[in-house]
Amino acid sequence: MNEPTRFGTVTPEVVERLSAILGAGGVSVDGEKIAVYSRDEVAERFWDRPYRAEVLVFPESTRHVSEILRMANERRIPVTPRGAGTGLSGGAVPAFGGILVSFERMNRILELDTENLCMTVEPGVITAEITRAARKAGLLYAGDPCSGDASFIGGNVAENAGGNKVIKYGPTGSSVLALEVVLADGSVTWFGGKRRKDVTGYDFVHLMVGSEGTLGIITKIVLKLLPLPAFGVDLLIPFPTVEAAIRFVPRIALEGRVTPASIELVDHHSLSQAEKFLNTRLPFDQAAAHLIVQLEGNDREVVADETERVGKLALEKGALEVFVADNRSSRDKLWKARKSVAEAIMAYYQNYAKEDLVVPTDRVPDLLFAVDALCRKWRMEAANYGHVGDGNIHVNLLMADDRPHWHEDMEQARQELYETVRQLGGTLSGEHGIGLKRKAYLPQFLDAPQLELMRRVKLAFDPNGILNPGKLVFWDKKTGEAGA
Ligand code: MLT
Ligand code: ZN
């Protein structure tokens, strides 16, 4: 049961209204189905209680979304938008019940505009489909979250998903030119356009990006595309220590004079989980850490030259070997291993804290020393991997399955870790978002004036607090939530 709040509830009359808007097939009150849709990749046992929507809806158009919101706003019913459920922060968990909006039926690519190099899509399109459609036209959509084979683009935008190509192309938001948004009262507006520049007013496009569904509901997205690089290679570079791997990262730009598309780190523990999960082996898998460096370009010779330069430099800086994956199958094998680490850890461990920390890139070694010290102190293990080129490390703290009071211990260990991250000039989440999972820690990273500003922005967009309540914003100063 959801706790009583000032919110309106979903009565039979509300379900009837929703059915009138969407047709009977667009509305579900089936408890089992609602339970499945009321979660994301965060295991339910990490929450204080299960959170359940009261009704699940499947809009097929902007008009549907607009009518749902108009009705919900009048009755103060919470509305939680949901993509594919691949999120890692509980962003799509309906914390206050109400209406859960699945975008799986708004899944059309509406336009591929090769003249303006952009694509207009609905929020329920799977990210990888966008990549494929662009590629067919010789174009690149640069968003590349690890869950891209399943995630919806709407969720990527709502969380400003990062992924593997941020170092060169930026996170999802860097590829967003425009958004059609339904505001809390049901009105529909466009932020941005098919323009590469725009200082005509506030940048609402990039306020919406990463706002986790708390300010409006995105119903169309215009994505920027680029020419597809003709050649690409991935270098798999094992190192004898994690520190040597990390210290090599800035040398790639400084001494190698190369901007790779990706620089990813996978430590030994992370790699061995992925190998077990996929029943595969990668070369030199006893090494303490591997880097994956992706290089790309339009001139084969240039890419070959950069490959050689980076490879040579890596060996000079202590790499054990340099493996060059330059064909589809070897590149796919390598990335499959990298992208499966998160799932592998969740498959083999019960008691984990899956973090998404970011520090200035030169502080990554300090972060990982602190993680080592924390592991010794709290008698736990860690698996560290992620987007080292961005200073964004997925530190996974792991405690034994049979450890009593693991939850309390983990909580304290996390607090200590966050304090270190703060001192290193880092922050709480680089790409997974705050959601339900990290909200309590926001005041450690954002000061009071900033939190108050966020609250006021929320108020301006959503005066009744119906949009994805419980996420990101401390709505009511007294109760800390959507109180009286
Ligand atoms: C990744 O980089 O693999 C994803 O962000 C998921 C994660 O590891 O937590
Ligand atoms: Zn990641």
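Visitor: Are H387 and H394 buried or exposed?
Guide: This is a predicted model, so keep that in mind for everything here. Both of these histidines also serve as donors to the zinc ion, ligand 2. As for accessibility, H387 and H394 are both buried.

Visitor: Which protein atoms are the donors of the zinc ion (ligand 2)?
Guide: In sequence, the donor residues follow the spacing H-x6-H-x36-E. They lie 1.9 to 2.1 Å from the zinc ion. The donors are NE2 of H387, NE2 of H394 and OE of E431.

Visitor: Which residues surround ligand 1?
Guide: Some names come back from the zinc site: H387, H394 and E431 are zinc donors, and they are also among the residues around ligand 1. The full set is L88, C146, R338, A342, K354, Y385, H387, H394, E431 and H432.

Visitor: How far is a polar side-chain atom of H432 from an oxygen atom of ligand 1?
Guide: Let's go through the polar pairs. A side-chain N or O atom of K354 sits 3.1 Å from an oxygen atom of ligand 1. For H387, the corresponding value is 3.1 Å. For H432, the distance is 2.7 Å.

Visitor: Which residue shares a side-chain polar contact with E355?
Guide: E355 sits in the loop between β16 (351-354) and β17 (357-358). Setting aside neighbours within four places in sequence, E355 touches I393, H394, V395, R414, L417, Y418 and R438. A polar contact of 2.9 Å links the E355 side chain to that of R414.

Visitor: Why does E355 count as buried?
Guide: The cut-off for buried is under 20% relative accessible area. E355 falls under that cut-off, so it counts as buried, because its relative accessibility is 0%.

Visitor: What is the relative accessible area of I393?
Guide: I393 belongs to strand β19 (residues 392-399). Beyond its neighbours within four places in sequence, its contacts include L265, E355, V364, L368 and Y385. I393 is buried, and its relative accessible area is 0%.

Visitor: How far apart in space are I393 and I292?
Guide: Along the sequence, 101 residues separate I393 from I292. C-alpha to C-alpha, their distance in space is 14 Å.

Visitor: Which elements do the buried residues of α12 pack against?
Guide: Helix α12 covers residues 341-348, and its buried residues are V341, A342, A344, I345 and M346. One of them, A342, is also among the residues around ligand 1. The packing partners are β13 (262-267), α9 (268-278), α11 (328-339), β16, β18 (381-387) and β19.

Visitor: Why do the buried residues of α1 line one face of the helix?
Guide: In α1 (residues 12-22), the buried ones are V14, L18, I21 and L22. They line one face because, looking down the helix axis, they fall within an arc of 80 degrees.

Visitor: What covers the buried residues of α1, and which residues are exposed on its other side?
Guide: The cover includes β1 (27-28), β2 (55-57), α3 (62-75) and β4 (99-102). Right after the helix comes G23, with a positive phi near 80 degrees. On the other side of α1, the exposed residues are P12, E16 and A20.

Visitor: How far apart are the C-alpha centres of domain 1 and domain 4?
Guide: The domain assignment gives domain 1 as 12-102, domain 2 as 109-227, domain 3 as 231-341 and domain 4 as 349-423. Between the C-alpha centres of domain 1 and domain 4, the distance is 33 Å.

Visitor: How far apart in space are S175 and V222?
Guide: S175 is in the loop between α6 (166-169) and β8 (176-182), and it is buried at 5% relative accessible area. Its contacts outside four places in sequence are Y141, A142, G143, V222, L223 and K224. S175 and V222 are 47 residues apart in sequence, but C-alpha to C-alpha the distance is 8.4 Å.

Visitor: What is the phi of R76, and what is that of L117?
Guide: R76 lies in the loop between α3 and β3 (79-82), and is partly exposed at 34%. L117 is in the loop between β5 (109-113) and β6 (118-121), partly exposed at 26%. Neither is a glycine, yet phi is positive: about 60 degrees for R76 and near 50 degrees for L117.

Note on methods:
Residues are numbered from 1 along each chain as its sequence is written. Chains are lettered from A and ligands numbered from 1 in the order in which they are written. This is a predicted model: local features need pLDDT of at least 70, side-chain atom pairs count only at pLDDT 80 or more; totals for chains, interfaces and linings use all residues. Side-chain values use heavy atoms; hydrogens and water are left out. Donors are N, O and S atoms within 2.8 Å of the metal (3.2 Å for Na, K and Ca); water is not among the atoms, so sites may look incomplete. Buried means under 20% relative accessible area, exposed over 50%, partly exposed in between (1.4 Å probe, protein chains only). Domain bounds come from an automatic or database domain assignment. Helices (H or I, at least four residues) and strands (E, at least two) are DSSP runs, numbered from the N terminus. The arc is that of the directions from the helix axis to the C-beta atoms. Contact means heavy atoms within 4.5 Å. A residue is near a molecule or strand if one of its heavy atoms lies within 4 Å of it. A polar contact is a pair of N or O atoms within 3.5 Å; within protein, one must be able to donate a hydrogen and the other to accept it, and residues adjacent in sequence count only if both atoms are side-chain atoms.
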